[in-house]
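Colleague: I am new to reading protein models, and I would like a close look at one kind of contact. Could you take me through the salt bridges, pair by pair?

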Amino acid sequence: MSHGIPHDLPPDPRTLVWYDRAALLTARSAAADVLAPHSMALRNLLWSWLATAVVAGGWCFAWVGLGWYLDLDDPEGADLLVTVVLVAVSLLVGGVAAAAFRRVVRRGRAAHRLLEAWTALDRLPPARALPAGNIPQPLASTWDLMRAGQSWKNTVPLDGRRYLVFLSGKSLMWMMAPVAPLLAGSILVLVALTGDLGQENGGTCAQVAVAGAGIAIAAVGLWGMAKGLRHCAWALREARARVSEEKTWPSIITR
């Protein structure tokens, strides 16, 4: 397994060797079929929200418990023990959730990097220097059709429209759905900064608890929107590169 790549994802294509373009394009198609769902899986969005909610809840419970203890007029040893246990358990649960969120982020990032590498693989000079082999027609790129002498009129446009399929509803959902936690987190931060959450130590702890939870929820919203925007920008770049190649085909043929 390559460093940083989960075992259930295809390997880095730069570590592999092919003897013809048919094998390369077949492997590339199979890798894209695996990586595209992993890169923008909606379950990762839901898991990230759940993990963030647990982190925010653990943060709140820890600070509320601390505020409760500080507001006691005559705290006893049992009160201190309850507070320590509550804070420790809350922070432990929040830490586990944060680790789960980090794992979701790393898997999604690894899948997207591999998807970028695999989809651009056929345009690299070493890949175009390979012999053609028996390329299945659905896998042939514009460049392969050009080299095979296919008619430009009958085959263009191909790849530009094909790569627009990566602009799926999932990527749009990643951009639109995180607006909700972003707004909710921003409201919580405003409430913590401007609202009346109590007096003395308990009120201060409550403000810290609500503000921290709001920041965490807003941050996961920003992360989700950024991930969706990055995916859409990449898909448009891929489509633009293919379309640009198609536009140069007639001039190449007439030379």
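Modeller: Happily; here is a walk through each pair, with a look at how buried its partners are. Keep in mind that this is a predicted model. As background, side chains of opposite charge can pair when their charged atoms come close. In this structure there are 3 salt bridges.

Let's begin with Asp12 and Arg14, whose side chains meet with 2.6 Å from N to O. How accessible are these two partners? Arg14 has 71% relative accessibility, so it counts as exposed, because exposed means over 50%. Asp12 has 12%, so it counts as buried, because buried means under 20%.

Next come Arg28 and Asp122, which form a salt bridge at 3.4 Å, N to O. This pair links distant parts of the chain: Arg28 belongs to helix α1 (residues 21-39), while Asp122 lies in the loop between α3 (77-119) and α4 (125-128), 94 residues apart. Are these partners buried or exposed? Asp122 is buried, with a relative accessible area of 0%, and Arg28 is buried as well, at 8%.

Finally, look at Glu116 and Arg230, joined in a salt bridge whose closest N and O atoms are 3.9 Å apart. That value still counts, because the cut-off is within 4 Å. Here, too, distant parts of the chain are linked: Glu116 sits in helix α3 and Arg230 in helix α10 (residues 200-254), 114 residues apart. Glu116, with a relative accessible area of 22%, is partly exposed, and Arg230 is partly exposed at 39%.

Notes:
Residues numbered from 1 in each chain as written. Predicted model: local features only at pLDDT ≥ 70, side-chain atom pairs only at ≥ 80, totals over all residues. Heavy atoms only, no water. Buried < 20%, exposed > 50% of the residue type's maximum accessible area, 1.4 Å probe, protein only. Helix = DSSP H or I, 4+ residues; strand = E, 2+ residues; numbered from the N terminus.
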